[in-house]
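Work through the exercises below with the sequence and the model open. Each task is followed by a solution in steps.

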Amino acid sequence: MQTDIDPRSLIGRKAFDRNGTKIGTVDEVYLDDATGVPEWAAVRTGLFSRDAFVPLEPSELVDNTLRVPYERALIKDAPDFGVGRHLSPEQELQLYHHYGLDLSAPPPAPAPASGDRSFGRVAGQED
């Protein structure tokens with residue numbers, strides 16, 4: 001995904017799966033604490049549903065919508081960690097496995113010295 005996009009501009013955008021089926025609306029964006037790069041989005045999947053985490057890479061912004069290259073069923077089955085907190089390294093690992101993402105790919109910027117990557121959030125409103 002474009003890395004020069006303000007993560008706050010993603011909040012409220014509609015998200016669609018690989019087939020063009022609406023998933024929901026971007027509720028929060030999670031940034032890598034070490035790099036500041038947006039890595040995950042929490043997408044509200046329905047009025048009474050939960051937020052599903054989706055990877056922002058390899059997702060794309062197309063016509064002011066977030067296009068996620070996965071099927072809606074896979075997205076809705078993503079691990080549920082709730083929103084409003086940091087993602088722990090263990091939670092991130094579960095998400096990588098769920099989406100079949102390559103963990104050996106180098107991060108977009110240097111990782112923290114400890115190797116611990118946690119993810120802060122960008123919400124649409126202040127807490």
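Helices here are DSSP runs of type H or I with at least four residues, numbered from the N terminus. By that count, helix 2 is followed by Gly100, whose phi is positive, near 65 degrees. The model is predicted.

**Exercise 1.** Find the residues that salt bridges join into one network, and state how exposed each one is.

Solution.
1. Begin with the total: the structure holds two salt bridges.
2. In one of them, Asp27 pairs with Arg44 through their side chains, at 3.5 Å from N to O. Asp27 belongs to strand 2 (residues 22-32) and Arg44 to strand 3 (residues 38-44), so this pair ties together parts that are 17 residues apart in sequence.
3. Arg44 also forms a salt bridge with the side chain of Asp51, at 2.6 Å from N to O.
4. Shared partners therefore join Asp27, Arg44 and Asp51 into one network.
5. Now assign exposure, taking under 20% relative accessible area as buried and over 50% as exposed. Asp27, at 26%, is partly exposed. Arg44, at 32%, is partly exposed. Asp51, at 5%, is buried.

As background, side chains of opposite charge can pair when their charged atoms come close.

**Exercise 2.** Determine how the buried residues of helix 2 are placed around its axis.

Solution.
1. List the buried residues of helix 2 (residues 89-99): Gln91, Glu92, Leu95, Tyr96 and Tyr99.
2. Check their spread. These residues cover an arc of only 140 degrees around the axis, which puts them on the same side of helix 2.
3. Recall the geometry: an α-helix has 3.6 residues a turn, so residues three or four places apart point the same way.
4. Look at the other side of helix 2, where Glu90 and His97 are exposed.

**Exercise 3.** Place Tyr99 and Val54 in the largest nonpolar core.

Solution.
1. Tyr99 is in helix 2, and at 5% relative accessibility this residue is buried.
2. Leaving out residues up to four places away in sequence, Tyr99 touches Trp40, Phe53, Val54, Pro55, Tyr70, Leu74, Ile75 and Ala78. For Ile75, which is 24 residues from Tyr99 along the chain, the C-alpha separation is 8.4 Å.
3. With the same sequence neighbours left out, the contacts of Val54 are Glu39, Trp40, Ala41, Val43, Leu66, Val68, Ile75 and Tyr99.
4. The largest nonpolar core has 26 residues, and Trp40, Phe53, Val54, Leu66, Ile75 and Tyr99 are those with the most contacts inside it. At least two residues of this core come from each of strand 2, strand 3, strand 4 (51-55) and helix 2. Strand 2 gives the largest share, five residues.

**Exercise 4.** Describe the surroundings of Thr65, beginning with whether this residue is buried or exposed.

Solution.
1. Thr65 lies in strand 6 (residues 65-67).
2. With a relative accessible area of 11%, Thr65 is buried.
3. A polar atom of the Thr65 side chain lies 2.6 Å from the backbone oxygen of Val62.
4. The Thr65 side chain also makes a polar contact with the side chain of Arg67, at 3.0 Å.
5. Beyond four places in sequence, Thr65 touches Arg13, Lys14, Phe16 and Glu60.

Key. Residues numbered from 1 in each chain as written. Predicted model: local features only at pLDDT ≥ 70, side-chain atom pairs only at ≥ 80, totals over all residues. Heavy atoms only, no water. Salt bridge = Lys/Arg side-chain N within 4 Å of Asp/Glu carboxyl O. Buried < 20%, exposed > 50% of the residue type's maximum accessible area, 1.4 Å probe, protein only. Arc of directions from axis to C-beta. Contact = heavy atoms within 4.5 Å. Core = buried A, V, L, I, M, F, W, Y, C linked by side-chain atoms within 4.5 Å. Polar contact = N/O pair within 3.5 Å; in protein donor to acceptor, adjacent residues only side chain to side chain.
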